[in-house]
Amino acid sequence: MMSRVMLYALGAMLLAGCANGKISSAEVSYHDFRLATDPAPLVATLRGLDVRAPSWLSSTNMSYRLSYVDGSRRQVYAESRWVATPAELLETGLRRRLLMRVATETGCRLRIDLDEFIQTFDAPKQSRVLLEARLSLLPARSDVAIARQALSLSQPSATPDARGGVAAFAVAVQTLANETAAWLDLQFKTMPTVQAQCGGSGG
């Protein structure tokens, strides 16, 4: 009985240390996306790209959820961080992947609202990453969207840990870039409203 009590006490002390951030900076690993350098095909002329995120995604924490235990509880890895916030990483990755011709006076803006960016464990040794976002195509001088699209991407991770989550997120972001490019291309080629307000195709 005494040994079990001591184990519980030790576990509580370790958790308290993590919660208080008492982890050496040398023990923390920082991650970003290693995306393919070849751009997704895109002929639309865009004036700008902006990614927004809610407050709970405004830090560099790498979040995960043990859905098989408590699906409503978000947790963070103690020894792994993103090098920037998910919104900043996503914006940088999309700018690298989307071949955009930047306009000055004409052209529309692409706004992406990031709703979810988390690694979910459906079982102790089975995880996937979830990326949910809403795309809005905005005129140059207005915040009233002329086209919208919601995307929800789920990508299995090869290993049930932070490193596996990073690799899975890289694939998910690349998929998001490709689907965004395809959606924009469709809007510019088939929607008269988009053609009129955004200046048509850049191809």
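Visitor: What makes the meeting of the Asp122 and Arg128 side chains a salt bridge?

Guide: A salt bridge is a side-chain nitrogen of Lys or Arg within 4 Å of a carboxyl oxygen of Asp or Glu; for Asp122 and Arg128 the N to O distance is 2.8 Å, so the pair satisfies the definition. This is a predicted model, in which local features need pLDDT (the predictor's confidence in each residue, from 0 to 100) of at least 70 and side-chain atom pairs count only at pLDDT 80 or more, whereas totals for chains, interfaces and linings use all residues. Residues are numbered from 1 along each chain as its sequence is written, and side-chain values use heavy atoms, with hydrogens and water left out.

Visitor: Why is Asp122 not called buried or exposed?

Guide: Buried means under 20% relative accessible area and exposed over 50%, with partly exposed in between (1.4 Å probe, protein chains only). Asp122 has a relative accessible area of 31% and is therefore partly exposed, and Arg128, at 27%, also counts as partly exposed.

Visitor: How do you know that Glu116 forms a salt bridge with Arg74, and what does the pair tie together?

Guide: The closest N and O atoms of Glu116 and Arg74 are 3.0 Å apart, so they fall within the limit for a salt bridge. Helices (H or I, at least four residues) and strands (E, at least two) are DSSP runs, numbered from the N terminus; Glu116 lies in strand E6 and Arg74 in the loop between E3 and strand E4 (75–82), so the salt bridge ties together parts that are 42 residues apart in sequence. The two partners fall into separate classes of accessibility, since Glu116 at 10% counts as buried, while Arg74 at 29% is partly exposed.

Visitor: How do you know that Lys189 and Asp185 are about one helical turn from each other?

Guide: Both residues belong to helix H3 (residues 162–190) and are four residues apart, so about one helical turn separates them. Their closest N and O atoms are 3.3 Å apart, and they form a salt bridge. Lys189, at 54% relative accessibility, counts as exposed. Elsewhere, Arg52, Arg111 and Asp113 are joined into one network by salt bridges that share partners, and a search of the whole structure finds eight salt bridges.

Visitor: What makes Cys108 and Cys198 a disulfide?

Guide: A disulfide is a pair of cysteine sulfur atoms within 2.5 Å, and the S to S distance of Cys108 and Cys198 is 1.7 Å, so the pair qualifies. By this rule the count comes to one disulfide. The pair links distant parts of the chain, with Cys108 in strand E6 (residues 108–123) and Cys198 in helix H4 (residues 192–198), 90 residues apart.

Visitor: Why is the disulfide of Cys108 and Cys198 given a handedness, and which one is it?

Guide: The torsion about the S-S bond is about -80°, so the disulfide is left-handed. Both cysteines count as buried, Cys108 at 0% relative accessibility and Cys198 at 2%.

Visitor: What makes E6 and E7 a pair of strands?

Guide: Two strands pair if DSSP finds at least two bridges between them; E6 and strand E7 (residues 126–138) have 13 bridges in the antiparallel sense, so they pair by this criterion. A hairpin joins E6 to E7 through two residues, and Arg111 stands opposite Ser136 in E7. Strand E3 (residues 61–66) runs parallel to E6 and is joined to it by three bridges, with Phe121 in E6 as the bridge partner of Leu66. E6 is mostly covered, 12 of its 16 residues being buried.

Visitor: What makes Leu184 buried?

Guide: Leu184 has a relative accessible area of 0% and is therefore buried; this residue lies in helix H3. The C-alpha atoms of Leu184 and Leu46 are separated by 9.7 Å, although the two residues are 138 apart along the chain.

Visitor: Which elements and which confidence values describe the protein as a whole?

Guide: The protein has four helices and eight strands, running α-β-β-β-β-α-β-β-β-β-α-α from the N terminus on, and buried residues make up 42% of its 203 residues. The average pLDDT is 82, and 75% of the residues score at least 70. Over residues 1–21 pLDDT stays under 50, and for this stretch the model has two contacts (heavy atoms within 4.5 Å) beyond four places in sequence.
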